[in-house]
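Student: I've got a model open and I'd like to know what backs up the labels people put on it. Can we go through them?

Tutor: Sure, let's have a look.

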Number of protein chains: 2
Amino acid sequence: MFKKEVYIQRREALKKSLKSGIVLLLGNGEAAVNYAGNDYAFRQDSTFIYYLGLDTPDLAYVLDIDNNKEYLFGDELTMDDIIWMGNLPSLKDRAAEVGISTVLPSADLKKIVGTGLAPAHYLKPYRYRNLLILSELFNCKTEEIVHNYSVELTKAVIKMRLIKSAEEIRELEDAGAIGYAMHLTAMNMCHKGVSEREIAGMIEGLALAHGSRSSFATILSMNGQTLHNHDHSGILHAGRLMLCDAGAENLNHYASDFTRTTAVDGDYSQKQTEIYNIVLKALNDSIALAKPGITYKSVHRNAYKIIFEGLRDLGLMRGETEAALDAGAPALFMPHGLGHAMGLDVHDMEDLGETLVGYDDEITRDTLFGYKSLRFGKRLEPGHVLTVEPGIYFVPQLIEKWEKEKINTEFINFSALKNYLDFGGIRLEDDIIITDKGCRPVYGKRLPVTPEEVKFANTNGTV
Amino acid sequence: MFKKEVYIQRREALKKSLKSGIVLLLGNGEAAVNYAGNDYAFRQDSTFIYYLGLDTPDLAYVLDIDNNKEYLFGDELTMDDIIWMGNLPSLKDRAAEVGISTVLPSADLKKIVGTGLAPAHYLKPYRYRNLLILSELFNCKTEEIVHNYSVELTKAVIKMRLIKSAEEIRELEDAGAIGYAMHLTAMNMCHKGVSEREIAGMIEGLALAHGSRSSFATILSMNGQTLHNHDHSGILHAGRLMLCDAGAENLNHYASDFTRTTAVDGDYSQKQTEIYNIVLKALNDSIALAKPGITYKSVHRNAYKIIFEGLRDLGLMRGETEAALDAGAPALFMPHGLGHAMGLDVHDMEDLGETLVGYDDEITRDTLFGYKSLRFGKRLEPGHVLTVEPGIYFVPQLIEKWEKEKINTEFINFSALKNYLDFGGIRLEDDIIITDKGCRPVYGKRLPVTPEEVKFANTNGTV
């Protein structure tokens, strides 16, 4: 948690950016695993953390702009609670630590919101609990709640949260340090006969041991070409590549997100090395390009250019570069975006709307396959924190589909691809902060990234 | 997953135990952490697992008893899904593996339930998602949904799930083996200067590495007297006891649940050893008592007896045993129940209602403090799986309250307790299966449990 002034200033800034009305921010509640009381580890809503810093369930915040008042809603511990939970600071004291003097019981929320000036600004809920609370509070159907969220409030929150302050960057560095340890462990465990689940479990244990949790469900698989892959049932065997995409949420809930692709026992074949080095060049060139004033959309296109030219050199693609990029041909090999904003969420503010976060009036989202999956296309500004994560995958089902439907045949050598159908996939991902003149890694120490560095980490552990 | 016949037989038995109507079992959906798509690890509903075995989100099952038909509702993967998720077996094929031949799209659920004979039997929902689905399906308010669940169906499910079959016991043994490894690791890491969070994270990593997850939020703390304690912020220091209550959910979702209390660096003081040995005697005597025909309520009372007499020997309690037990005096030191049923849930079927699971017409729940917290009081039967978890805690807030309100002063030596206010708490917990003649441990190897065994494990690791 930051100093009181941080939260006060954030709420002041929010107030100034909205004209009138009532702002309602709902915190999260507990979420049951298999019965009420056996709950998933509590995660506060990120926007609630950003403006209030309070990390316990069942809170709500109301900012009454017209009357210049603010309220925190929540219930104090009872004597019984204290017996079972120990002496904890009161909600009133905790509220004071973030600059809020008025704390009311949860049951009063309806009274205050009901007497306020309509319309109430609220954010689109992503948990069924909050959807239900809003539906009951405003006495309307859940579909109406989803539909009537405040775009004005959403945009105001995005504008503030997108630019990371110095204290936020320290938290992101901390999350980076945990992610670094997770990936070094994974590289070091990547040996023949070890199960994917064991490695995934151990690195998720590290996230729990040093932070709050993994910032997202770990992807750790010999089948890196399956992009939405959370299966960990494989046993590593020689000749395969282990793609590991994982990160930590630190104790103050900031994220890290790295990907490395380690050859089992560190032995990259010639063929693997060739593809690996194209991805590595796409990563390094993207980082070199990223600076204020450049759009991330153009950095994504440049990554496609490197992938296209690299694969053309290997005889897997063909034709003229700009035409191939215009046609979206490299998307066959990298059907996802180059990266996304990161902060309190690993896909920062994705609950508020991917397009509102990543695009604006100037830079709009593309509709072409591959390009359209880029989450963040905006012109870069100092304080943006982004992932850079190019990849090359050989997805048999997608290759088959394109060949059958004759998509981009002028740019793709389908017959040469027959030798790559069991290749898998390679992705490399670093996290960067846009600075005044360019960008820098979020965490100072870069994970081993060249095949030689990875081999060394695989054999010797920490490097 | 078990063989097809297991699921068919279970559903047949359920059908026979209900007279008529439609049974609706809802599977679980994904649960968002901080935005839709960044989800907590999926956990299927336990009753759904029990009757259907299918472990993916967004399924529903309908048994139409009157027409002797059954339906699975869920959506097949699209071509797009296959590209991102790989070639997975179709829902139709997976349904066939559990003996179901009719699979319909999710959207058809309303049609079938709508045309069926009322009343539909459904279980009380514990997730907001399922509450909303039921509310929309039956077109009624959420309070009505919670109120109108089927007690008949609930009792039928409890009756079946409470008696564990041979194949279920093998799964519970497997979960026990993972829990065993978790606790040995915790014992071995219990040294001065190590953080509680690091130990908790590492053992939760083991649960992820070898099973599905921890079966509940790990309790690991020097403040064992705080019973609802999920804080892991302490750094172990000499002279303290580390209470660790943790278990695993194995890959097929069966639970284990053990508690051990390790002195930091394995050094139990004289005072700690005295209390420890009372708890150990309560544990061992409870296990020796548990057999078919005995009520668990009486085993709980016997544990109170051992605690009372042990503390009387130490001069902390006084008076006549039966009178002290009738008055609930030992509840000051063990304000919780001796144990609970365990199976697919660590508190088995707690979503279906604690009292319906743990009590019946013959054995009813007590109302006295301490006794009333016993989750399971029923007469024991072969196939019951239970935890046995006595403890002695010195809860300053509770001691203060009783002394101030003059509760059970004739049985408690409050002045002697002044020397124990910083003691903390000790709990020891094993898992047992009721057999034909008595009981046996769920997992064959018992965790180190005497102070000497724990000291050895602390110093030498595996024993």
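Tutor: This is a predicted model, where local features need pLDDT of at least 70, side-chain atom pairs count only at pLDDT 80 or more, and totals for chains, interfaces and linings use all residues. Residues are numbered from 1 along each chain as its sequence is written, with chains lettered from A and ligands numbered from 1 in the order in which they are written.

Student: What makes the relation of chain B to chain A that of a two-fold axis?

Tutor: Superpose by least squares on the C-alpha atoms of residues with pLDDT of at least 70 in both copies. Chain B then lands on chain A with an RMSD of 0.0 Å, after a turn of 180° and a shift of 0.0 Å along the axis, so the relation is that of a two-fold axis. Gly205(B) has the C-alpha of chain B nearest the axis, 1.8 Å from it.

Student: How do you know that the same surface serves both copies?

Tutor: Of the contact residues of chain B, 100% recur in chain A. Contact means that C-beta atoms, placed from the backbone, lie within 7 Å, and by that test 50 residues of chain B touch 50 residues of chain A. H10(B) gives the most to chain B's side, with 11 residues.

Student: What is Ile307(B) in contact with, leaving aside neighbours within four places in sequence?

Tutor: Its partners include Ile278(B), Phe333(B) and Ile392(B).

Methods: Two residues are in contact if their C-beta atoms, placed from the backbone, lie within 7 Å. Helices (H or I, at least four residues) and strands (E, at least two) are DSSP runs, numbered from the N terminus.
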